Amino acid sequence: MKIFREKDYDAMSRRAATVIAGEIVHNPACLLGLATGSTPEGAYKYLVDWYKQGLISFRGVLSVNLDEYKGLEPSHDQSYRYFMQSNLFDHVDIAPENTRVPDGLTKDALAFCAGYDAYIRAQGYVDLQLLGIGRNGHIGFNEPGDCFVKETHVVDLTESTIDANARFFATRDDVPRQAFTMGIGPIMAAKKILLIASGEEKAEAVYNTICGAVDPHCQGSILQLHPDVVMVADEAALSKVIAAGVKV
């Protein structure tokens, strides 16, 4: 794992955007695996700015998103489809038919999940997978548990994840209790992974991801087994790793 230690959130965002832009320039028809949440927002802003400056184009890019809340329609302002449209897709030249976000309203969850994995396989898997890390070590919505679930699936969200996401909803009770998430299989099949983290509240998860045992109770720890992971994190997120004497 290659680790970039950045001073703050903005520096982390710029570095992450540089990695993504580099992939697009190198492979204009790449398949990007994309993430949502507050952590990647800054990187998406940089990518939009660089597109507007004519430095990059998304014209040939395909995208697949990690996850989506079960039960939210795409137009809901807390759905991840809405997030992607608002933060990236509506502001660049990516073709709408080239973007895929799990369908939170699908009636046949098993068939949908199997089809999502089949689409990723048919593209030769993701070229660059962007990941955040949850406070409990989840990647996508793969929550802590007794195993690593390979396939895209529906997951019951943990109380800590519901608490972390409650700030985006009117009340905690409004947070969906289930979500669709890309499984560990397609994540680990990505040719390259970009893991980003910001803030002291992520320090424990970052430490366990980098320095802990490979353990499904910290789903991010599986990334230790991937041959090409770039981590970009600010000093606050890396604070426990730094305190342990790991050179970053």
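Analyst: Contact here means heavy atoms within 4.5 Å. The model is predicted.

User: Which residues of α1 and α2 meet by that cut-off?

Analyst: From α1 come Y9, D10, S13, R14, A16, A17, T18, I20 and A21. From α2 come E41, G42, A43, Y46, L47 and W50. By class, the contact has 9 nonpolar, 3 polar and 3 charged residues. G42 falls in the polar group because Gly is counted there.

User: How is the packing of α1 and α2 described, in angle and axis distance?

Analyst: Helix α1 covers residues 9-26 and helix α2 residues 41-52. They pack at about 55 degrees, with axes 8 Å apart.

User: Why is α1 called oblique to α2?

Analyst: Set the angle of about 55 degrees against the cut-offs. Roughly parallel needs under 35 degrees, roughly perpendicular 65 to 115, roughly antiparallel over 145. The angle fits none of these, so α1 is oblique to α2. The crossing is right-handed.

User: How do you know that β3 and β5 pair?

Analyst: Pairing takes at least two bridges. Strand β3 (residues 62-65) is joined to β5 by 2 bridges, so the two count as paired. They run parallel. V64 stands opposite R100 in β5.

User: What makes β1 and β5 edge strands?

Analyst: The open sheet has 7 strands in the order β1-β10-β9-β6-β2-β3-β5, with parallel pairing. β1 (2-6) and β5 (99-100) each have a single partner strand, so one side of each lacks a neighbour in the sheet.

User: Which helix lies across β3 and β5?

Analyst: Helix α4 (residues 109-122) does, running at about 145 degrees to β3.

How values were computed. Residues numbered from 1 in each chain as written. Predicted model: local features only at pLDDT ≥ 70, side-chain atom pairs only at ≥ 80, totals over all residues. Heavy atoms only, no water. Axes fitted to C-alpha atoms, helices over the stretch in contact; angles between N-to-C directions. Helix = DSSP H or I, 4+ residues; strand = E, 2+ residues; numbered from the N terminus. Left-handed = near helix turned anticlockwise from the far one by under 90°.
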